[in-house]
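Biologist: I should like to learn how to read a structural model, feature by feature. May we begin with the interior and then work outward to the other elements?

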Amino acid sequence: MATPPQTSPALPLLRPRALVFLVFAAALFPLAIGGCGPNPGASDASTPGSTTPATTAPGGTMPAKPAVRAIGKTVDGTLRTADGRDRTYRIYVPFSVNANTPAPLLLALHGGTGWGKQFQFNSGFDGIAEANQFLVVYPDGIPLEVKITPDGRTWNGGDCCGNSARDNVDDVGFLVALIEKLVAEYAVDATRVFAAGHSNGGIMSYRLACERPDKIRAIGLQAGWIALDSCTPSRPVSALHIHGTADKNAPFDGGRGAKSISGTGARAAMDSTRMFATGVGCAPTHTDTQTGPITTIEWDRCPPEVHVRLLKIEGASHAWMGHPGRPAGQGSAPSGEPYQGLDSSAEIWSFLATQ
């Protein structure tokens, strides 16, 4: 396992356009735009093929198999895009995947001021991929002009974030080209491609589903929002949105958080999921179920086999849930300590795998 990247002193952010909402990262870094810090080790120490039962997912989906030790291979790659940029990514190919049998593919999108390798550490998706036999790719956003973290990057999710949004970088085009490249190079089931993201990566997941639903079957995200004026996918896509009520970077109820550094704010979690739900053809009404600190909000009368769900987590911060934040001795992150009552990575895959 590679050594997790180190932090660097925080510097002022450059804002895209006149007003852009930038949020702090949740784990390793002093300042970030919805990014997460790396996990200093593997996500799970159990052995490959473990059949340890997983807990039932709060949203009612079948649980994913619990993460196992990631013993597959990570491959770094570069892709030349139509706009003339050399874009980078890393893909994890589980040992458990049969090279002759098409497997699902997950695009795991880092938060602002994060990067692919960082999110690989922080999310623990490799161990879940090993246990559940899917490939996971960690693309890199556009580097920030001001170095806030060792390799800080952002995505152009619409109105957010950083110079990627200001310069109107075609991140949708990059991700579509990446999907097509990986489908051609690996045994990928092109009908089962998913996206997951944190904060700015969640914003990017929404944009990808809104604009290119022909490439994405479903999305899962934490602490993001729809940063577009409208979202009317040409094909229904399922979505799971996880959001904590104690998020001070991208507040659950929207607006500018106490730890945001923009003159504008995020769209509320309820408004984002309602906008997406009605865009894919669901009713504007929802059914709520509360289990302890978790409220499951399910939009009604969606198209067949389509689900739009919001998990409202009482007391959870902006940090990626269920995984370590900053390494020991580094102090607490300004985006809060990671909530440990729910594992966002496992919850998201449990949802995506049933779509």
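Modeller: We may begin with the nonpolar core, bearing in mind that this model is predicted. The general idea is to look for buried nonpolar residues whose side chains are joined by contacts. Here the largest such core has 48 residues, and Leu107 and Phe276 touch the most other members. Helix 4 (residues 171-185) provides the largest share of this core, with seven residues.

Biologist: Which residues is Phe276 in contact with, leaving aside its neighbours within four places in sequence?

Modeller: Phe276 is in contact with Tyr206, Ala209, Cys210, Ile226, Cys231, Pro233, Val237, Ser238, Ala239 and Val308. Apart from the largest core lies another one, of 29 residues, which includes Phe125, Val136, Tyr138 and Phe351.

Biologist: How many helices and strands are there in the protein chain?

Modeller: The protein chain contains seven helices and twelve strands. It has 355 residues, and buried residues make up 59% of them. Among the contacts with a separation of 6 or more, 64% are between residues 24 or more positions apart.

Biologist: How should I read a sheet, and what is the order of the strands in this one?

Modeller: One reads across the sheet from strand to strand, and then asks how each neighbouring pair runs. The open sheet here has ten strands in the order 1-2-4-3-7-8-9-12-11-10, with mixed pairing. Its edge strands are strand 1 (73-80) and strand 10 (286-291), each of which pairs on one side only. On average, neighbouring strands of this sheet are turned by 20° against each other, direction ignored.

Biologist: In which sense do strand 2 and strand 4 pair?

Modeller: Strand 2 (residues 86-93) and strand 4 (residues 135-139) pair in the antiparallel sense, over four bridges. Within this pair, Ile91 stands opposite Val137 in strand 4. A helix can also pack on the sheet: helix 5 (residues 200-211) does so, touching strand 3 (103-109), strand 7 (188-198), strand 8 (218-222) and strand 9 (238-244). The direction of helix 5 makes about 140° with that of strand 7.

Biologist: How does one read a helix, and why is helix 1 described as largely enclosed by the rest of the structure?

Modeller: An α-helix has 3.6 residues a turn, so residues three or four places apart point the same way. For enclosure, one counts the buried residues. Helix 1 (residues 116-123) is largely enclosed by the rest of the structure because seven of its eight residues are buried. The buried ones are Gly116, Gln118, Phe119, Gln120, Phe121, Asn122 and Ser123. Just after helix 1, Gly124 takes a positive phi of about 70°.

Biologist: What does Ser123 touch, leaving aside its neighbours within four places in sequence?

Modeller: Ser123 is in contact with Tyr138, Trp320, His323 and Ser345. Its relative accessible area is 0%, which means that Ser123 is buried.

Biologist: How many residues of helix 2 are buried?

Modeller: Helix 2 (residues 125-132) is mostly covered, with eight of its eight residues buried. They are Phe125, Asp126, Gly127, Ile128, Ala129, Glu130, Ala131 and Asn132. Helix 2 is followed by Gln133, whose phi is positive, near 60°.

Biologist: How should I describe the arrangement of two aromatic rings?

Modeller: One considers the distance between the ring centres and the angle between the planes; an angle over 60 degrees counts as edge-to-face. The count here comes to seven aromatic pairs. Phe119 and Phe125 form an edge-to-face pair, at 6.3 Å centre to centre and with 75° between the planes. Phe119 and Phe125 are buried, and together with Trp320 they form one aromatic cluster.

Biologist: Is Ser164 buried or exposed?

Modeller: Ser164, which lies in helix 3 (residues 162-166), is buried, with a relative accessible area of 0%. Its side chain reaches the backbone nitrogen of Asn156 at 3.4 Å. Not counting residues up to four places away in sequence, Ser164 touches Ile142, Thr154, Trp155, Asn156, Val169 and Asp171.

Biologist: Where does Glu347 lie?

Modeller: Glu347 lies in helix 7 (residues 344-352). Glu347 counts as buried because its relative accessibility is 5%, and the cut-off for buried is under 20%. Glu347 and Leu221 are 126 residues apart along the chain, and their C-alpha atoms are separated by 9.9 Å.

Terms used
Residues are numbered from 1 along each chain as its sequence is written. This is a predicted model: local features need pLDDT of at least 70, side-chain atom pairs count only at pLDDT 80 or more; totals for chains, interfaces and linings use all residues. Side-chain values use heavy atoms; hydrogens and water are left out. Two strands pair if DSSP finds at least two bridges between them. Helices (H or I, at least four residues) and strands (E, at least two) are DSSP runs, numbered from the N terminus. Axes are lines fitted to C-alpha atoms, for helices over the stretch in contact, and angles run from 0 to 180 degrees between N-to-C directions. Contact means heavy atoms within 4.5 Å. Buried means under 20% relative accessible area, exposed over 50%, partly exposed in between (1.4 Å probe, protein chains only). A polar contact is a pair of N or O atoms within 3.5 Å; within protein, one must be able to donate a hydrogen and the other to accept it, and residues adjacent in sequence count only if both atoms are side-chain atoms. A nonpolar core is a set of buried Ala, Val, Leu, Ile, Met, Phe, Trp, Tyr and Cys residues joined through side-chain atoms within 4.5 Å. Rings of Phe, Tyr and Trp (its six-membered ring) pair if their centres lie within 6.5 Å; planes under 30 degrees apart count as stacked, over 60 as edge-to-face and the rest as tilted.
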